[in-house]
Amino acid sequence: MKVIGLTGGIGSGKSTVAQYLAKLGAVIIDADKIGHEILKSDAEVRRKVVAAFGRQILDPGGEIDRQKLGEIVFNHPESLSLLNQLMHPLMYDIAKTRIEEYRQQGVGVVVLEAALLVEIGWTSLVDELWVTVASEANALKRLQKQRGLTEEQTLARLRSQLSSEERIKHANAIINNDGDLDEMKTRVRELWLRLQSQGGRNSSPD
Ligand code: ADP
């Protein structure tokens, strides 16, 4: 089995690329979703997060409101680092377990999609690292459209992350996503075929 780490700045197109890889036959593990599951289901983490950030992050039903939490952490680097310290070890364990489960099931290609894959040292979980890159202007434009955030909110998220240059240093493949979706797909297909020729064996629909 091959494990591809897929990373890139927010709005650079990771999820779009992952969706396309799923169509080609890869199994996707989305680190963000693991984080969301933990915030929902792990009572101890929830207690710690509320203790750290206050009841203002709860919605009327008592669940953590990720939008409110995001507002705090993306504007305060020390809060982001505190949240990450709470969450990342648990996320790592779950990602690792899932990879092993897929390996035992005989899956050919797993894609681990994580914005902070390089920063938090998860490269040991993957065989190859693929990095999506888009200009800040494109990421900003696309994110504002997709998530309904203001320019200021979007920039705070963009700038809370590593620069592309730093990620690219670790990359086995770069997916330049400044073009249209068809261009992105052509590049991803090319990487997928390269992978198949190296022995990743998930079947691709026709
Ligand atoms: P990320 O997961 O890296 O944050 P997304 O894949 O969610 O980024 O992409 C952000 C937004 O940009 C989405 O609305 C997506 O549909 C759009 N998008 C991604 N790639 C392209 C592209 N090549 N052309 C136009 N829009 C794109």
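Here a biologist and a modeller talk through some terms used for this predicted model.

Modeller: This is a predicted model, where local features need pLDDT of at least 70, side-chain atom pairs count only at pLDDT 80 or more, and totals for chains, interfaces and linings use all residues. Residues are numbered from 1 along each chain as its sequence is written, and side-chain values use heavy atoms, with hydrogens and water left out.

Biologist: Thanks! Let's start with Glu128: why is Glu128 called buried?

Modeller: Buried means under 20% relative accessible area, exposed over 50% and partly exposed in between, using a 1.4 Å probe and protein chains only. Glu128 has a relative accessible area of 8%, so Glu128 is buried. You will find Glu128 in strand 4, residues 128-133; strands are DSSP runs of E with at least two residues, helices are runs of H or I with at least four, and both are numbered from the N terminus.

Biologist: What makes the pairing of the Glu128 and Arg194 side chains a polar contact?

Modeller: A polar contact is a pair of N or O atoms within 3.5 Å; within protein, one must be able to donate a hydrogen and the other to accept it, and residues adjacent in sequence count only if both atoms are side-chain atoms. The Glu128 and Arg194 side chains are joined at 3.5 Å, and the side chain of Glu128 also makes a polar contact of 2.7 Å with that of Trp130. Contact in general means heavy atoms within 4.5 Å. Leaving out residues up to four places away in sequence, Glu128 touches eight listed partners, including Lys2, Asn172 and Gln198.

Biologist: And Thr154 and Thr97: which is buried and which is partly exposed?

Modeller: Thr154, in helix 7, has a relative accessible area of 1%, so Thr154 is buried. Thr97, in helix 5, comes out at 42%, and therefore counts as partly exposed. A polar atom of the Thr97 side chain lies 2.8 Å from the backbone oxygen of Asp93. Thr154 touches Leu140, Leu143, Gln144 and Leu149, again not counting residues up to four places away in sequence.

Biologist: How do you know that the span of helix 6 agrees with what is expected?

Modeller: The expected span is 1.5 Å times one less than the number of residues. Helix 6, residues 136-147, has twelve residues and should span 16 Å; its end C-alpha atoms are 16 Å apart, so the two agree. Asn138, Ala139, Leu140 and Leu143 are buried in helix 6, and the buried residues of helix 6 pack against helix 7.

Biologist: Now for helix pairs: why is helix 3 called roughly antiparallel to helix 5?

Modeller: Axes are lines fitted to C-alpha atoms, for helices over the stretch in contact, and angles run from 0 to 180 degrees between N-to-C directions. Angles under 35 degrees count as roughly parallel, over 145 as roughly antiparallel, 65 to 115 as roughly perpendicular and the rest as oblique. Helix 3 (43-53) and helix 5 (77-105) pack at about 175°, with axes 11 Å apart. That makes helix 3 roughly antiparallel to helix 5.

Biologist: What makes helix 4 and helix 5 oblique?

Modeller: Helix 4 (66-73) and helix 5 pack at an angle of about 125°, with their axes 7 Å apart. The two are therefore oblique to each other. Leu69, Ile72 and Val73 of helix 4 make this contact with Pro77, Ser79, Leu80 and Leu83 of helix 5.
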